[in-house]
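Reader: I have a structure open at the bench and would like to walk through it with you. Could you take my questions as they come?

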Amino acid sequence: MRAFTGQAFLIIGMILLTAAFGSSQTAPTPESVLGHKPGDDFYLASYDDARGYFRKIAETSNRVKLINVGKTTRGTDWEIAIISAPENLANLDQYKEISRRLADGRGLNDQTARALAREGKAIVHLDGGLHSTEVAGGQQAISLAYRLVSSQGNAEIDAILKNTIVMLWPTLNPDGQNEVTNWYRKNLGTRFEVSPLPDLYQEYVGHDNNRDGYMNNMLESQAVTRTELEWNPVIFYCQHQTAPFPARIFIPPFVEPISSNIHPLMARWLNFIGADIAAYLDAHGMPGAVHRVGYDNWYPGFLDFTHIFRNSIAFFTETALYRYATPRFYTVDEFPADQRDLRSGVFYSSPWKGGWWRLRDAVDYMEGASMAVLDMAAKYREELLFNRYQAARDNVERFRREPPYAYLIPRDQRDVPEAATLVQKLMTNGIEVHEAMKVFAANGREYPAGTWVILMDQPFSALVKELFETQHYPEIRESPNGSPIKPYDVSGWTLPMQMDVQTAAILQPVTPAQRAALRLLEKFTPPAGGVEGSGSVYILSHQANAAFKAMNQVFMAGGQVSFASGELETPDGRQTGAIVISGIDAARVSRILRDTSLVAKAAAAPPPKVAAVKKPRVGLYRAWNPIIDEGWTRWILEQYEFAPVSLRNGDIQAGNLRSHFDAIILSDASSQQIRDGFGPGTVPGEFAGGLGSTGASALREFVMDGGTLIAFNDASLYAIQDLGLPVKNVLGGVKPEDFYCSGSLLRVELQDTTHSAVAGLPHDPIVMFERGPAFETTEGFRGRILAAYPKNQNPLMSGYLLHPDRIQGKAAALEVQYGNGRVYLFGFRPQWRGQSHGTYKFIFNALYESQGLSKPGPVIPVPKS
Ligand SMILES: [Zn+2]
């Protein structure tokens, strides 16, 4: 050693540095690969571009490893970059295992956890955003990747690479980034350069791709949740672009209220990181960060937030956006009046003063915020890891001391496959579920063997409590007589209520003997379906949603289906409307029952009184001005194999609908959106306009001819107005301080439980009411009230409802006779976000009512007031 010269030391030093942080001289710049710098005016890189660039740097840099996280809805391969120092990448499995053990907490004590925290790396999730029209995120991901892999001798980045493992997702919605980029490129330089995308940028759910965090209905949500559970990042940071103007970026702390099921350490870190990001931006010449405006932490279903219930510090920021990559100049006189004095605030310390706002500015702010998070994760690596262990440890200990000690999901349910679906949803979220091998006695009753048991002394069970308990949205007012502060999203979502699954919270500690009789489910196995008895006719209960999927499969196989008119014995007991299947061989039936987890009762011959049904031909209105609820509806109908046909404006306006369709669905949208669509001149001509008067006449004619029109939530108002139905919305024009309910679970009562349009539903279903209408019939009404809010009782089951008296006794669901057809009006969202499984049958039955199963309703006399 002593023989080495200074120069040799320098060379060795460089070799060591290269070994430590990777050889990256050759990492290509984004512009050398893409022809543009990320954030250049009028340029957007697509997801395919980003993936191409990520592959290039993975070939040349030993700081990057690409992993495939699955396929997207449209079949794209989804790759993300794992970026860290080469020696960390060489030991990824070890660091993942440390993170997993700390996140789980069990089997560790404070000393062993401390040692692991010292040894581990802070795994950090960063991404290019999930709302594809919020375009800067994806460009930022490319820019950040280059910065991290190309830096040489930069102490900040060296510390980041040494202490953290960055999971960099080019985007959380690859399909959408490709689609938006193509749309912008097509219109660039034309008068439609900044025109809105006439499609949902996630195939089914568009912007609601951030409302699927715990339900994981979409492939993209599943990929994110699965990957987070595999890697256990301590921080999950997601990019958005809807800053409250004129602020340049919204950063946590959020506004009130916050869930009490979040571990305090996670909530504290979230605030701390938020303040740190803002300081980092100010320190790097990027003013205009604001905190505590607009966004609350109440709904747990945000894909970039759900992880906080698994003790990962999950949050988002909202950077300012003009439109796509087109720049915009702002002057102070465009600011809201109370912002023009550019006054500093406690949570807005460096007001933005206006000027140019370019895509590159948004990219810089996002990249700065990402760097701040990484810098902090590197500095506080050990504390972050140890705190995550503490959160898991505390959660396990808490539910050993206090109820609920467990939740039970018994197997005797109205709809067993849906109860199983709830179990599957929990397991997808990393929740351990057991099965009772013996009778489980609790709460003064005995639950039979086979009951699903969720023990709460597990690390992520705060999420179960969050999803299973009743929500009590706090009434917060700015002043004693002011109107209540409204939630940013919904206020109640209790999942067992939405899915119509019975669960029980266990209020006494689970004994060692009880535990010994439980079996941990290693993987989800759906209940076995099959046939009871023998015969070539099969009887299914109308209570299971899956029965409708089975029916569609029977039709596909050439079999026959009918509904029993009277009461009939089914595997779920005696009921009206039992489903009778015939004309199909036993092997095929077995396959269908296995696929749907249904049990059928075989009989030698069909029951005497049945009404044969055909597969309904379903049309679904699909506006160019995209309706998120349409996508959800399409997805659900596809899941149940109804094969809905998308109807564009022209398809409806062309008329003659009755010869092609039995039922047409209008998903939740405003009358204006359905009637007018995109305004003329705002989008290229073929996408402008809505149904207009021609479309309205065609729909009227369709129903007059015997068709069935089904309208969800606000689309009911369109149907009432444009068909001239004798129905009134009692909430029309009512001010928010006189009635408010933005997404709560309400109880309704069926008015005639024997009516075929409500077959299979419980007597008092729980519906998702989200700023919808409530109905009263007017002079000349002919039809039926299917469900109404209870007259003498507050219908609120979970969430928040201001002035329930406004809707008590009013109709929630109506069947309106119109010519030879009928219109179904639902003043709620019967398939909300693919969560309200308990009310799907309102839709499925309405589709079958198009075949005239029930007699026209009576003329309902309107009470004189
Ligand atoms: Zn967003």
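## Rings, metal and pocket

Author: Gladly; the structure holds 47 aromatic pairs, and please keep in mind that this is a predicted model.

Reader: Take tryptophan 269 and tyrosine 380, then: why is that pair edge-to-face?

Author: The ring centres of tryptophan 269 and tyrosine 380 are 5.6 Å apart and the planes stand at 75 degrees, so the pair is edge-to-face; the cut-off for that class is over 60 degrees.

Reader: And where do tryptophan 269 and tyrosine 380 lie?

Author: Tryptophan 269 belongs to helix H11 (residues 264–283), while tyrosine 380 is in the loop between helix H12 (359–379) and helix H13 (381–401), so the pair ties together parts that are 111 residues apart in sequence.

Reader: Is tryptophan 269 buried or exposed? And what about tyrosine 380?

Author: Tryptophan 269 is buried, with a relative accessible area of 8%, whereas tyrosine 380 is partly exposed, at 34%. Another edge-to-face aromatic pair is formed by tryptophan 357 and tyrosine 365, with 5.2 Å centre to centre and 65 degrees between the planes. Here tryptophan 357 counts as buried at 3% relative accessibility, and tyrosine 365 counts as buried at 5%.

Reader: Switching to the metal, which protein donors does the zinc ion have?

Author: The zinc ion has as protein donors His131 through ND1, Glu134 through OE, listed twice, and His240 through ND1, and these lie 2.0 to 2.5 Å from the ion. Along the sequence, the donor residues follow the spacing H-x2-E-x105-H.

Reader: Which parts do glutamate 134 and histidine 240 tie together?

Author: Glutamate 134 sits in the loop between strand E3 (122–127) and helix H7 (136–150), and histidine 240 in strand E5 (residues 235–240), so the two tie together parts that are 106 residues apart in sequence. Both glutamate 134 and histidine 240 are buried.

Reader: Why is the arrangement around the zinc ion irregular?

Author: The four donor atoms subtend angles of 55 to 155 degrees around the zinc ion, which makes the arrangement irregular; to count as tetrahedral, four donors need all angles between 85 and 135 degrees.

Reader: Now the largest pocket: how much space lies in it, and which residues are closest to its centre?

Author: About 740 Å³ of space lies in the largest pocket. Its lining has 28 residues, and the closest to the centre are Thr421, Gln424, Lys549, Gln639 and His837. The elements giving two or more residues to that lining are helix H14 (416–428), helix H18 (546–556), helix H19 (586–596) and helix H20 (628–639), and the largest share, seven residues, comes from H14.

Reader: How do the residues of the lining divide into nonpolar, polar and charged?

Author: The lining of the largest pocket divides into 11 nonpolar, 12 polar and five charged residues.

Reader: Last topic, the backbone: where is there a cis peptide bond?

Author: One cis peptide bond joins phenylalanine 245 and proline 246, with omega about 0 degrees, and proline 246 is found in the loop between E5 and strand E6 (249–250). The bond from proline 403 to proline 404 is also cis, with omega near -5 degrees, and proline 404 is in the loop between H13 and strand E13 (406–409).

Reader: And which residue other than glycine has a positive phi?

Author: Arginine 833 is one of them, with phi near 50 degrees; arginine 833 lies in the loop between strand E40 (821–826) and helix H25 (840–849), and is buried, with a relative accessible area of 4%.

Technical notes
Residues are numbered from 1 along each chain as its sequence is written. This is a predicted model: local features need pLDDT of at least 70, side-chain atom pairs count only at pLDDT 80 or more; totals for chains, interfaces and linings use all residues. Side-chain values use heavy atoms; hydrogens and water are left out. On a 1 Å grid over the protein atoms alone, a cavity is a set of points where a 1.4 Å probe fits but cannot get out, and a pocket is an open set with protein on both sides within 12 Å along at least five of seven lines; lining residues have an atom within 4 Å of a point. Grid points are joined across faces, edges and corners, and a volume is the space filled by probe spheres set on the points. Helices (H or I, at least four residues) and strands (E, at least two) are DSSP runs, numbered from the N terminus. Ala, Val, Leu, Ile, Met, Phe, Trp, Tyr, Cys and Pro count as nonpolar, Asp, Glu, Lys and Arg as charged, and the others, Gly among them, as polar. Donors are N, O and S atoms within 2.8 Å of the metal (3.2 Å for Na, K and Ca); water is not among the atoms, so sites may look incomplete. Four donors count as tetrahedral if all angles lie between 85 and 135 degrees; four count as square planar and six as octahedral if opposite donors are over 155 degrees apart and all others between 65 and 115; anything else is irregular. Buried means under 20% relative accessible area, exposed over 50%, partly exposed in between (1.4 Å probe, protein chains only). Rings of Phe, Tyr and Trp (its six-membered ring) pair if their centres lie within 6.5 Å; planes under 30 degrees apart count as stacked, over 60 as edge-to-face and the rest as tilted.
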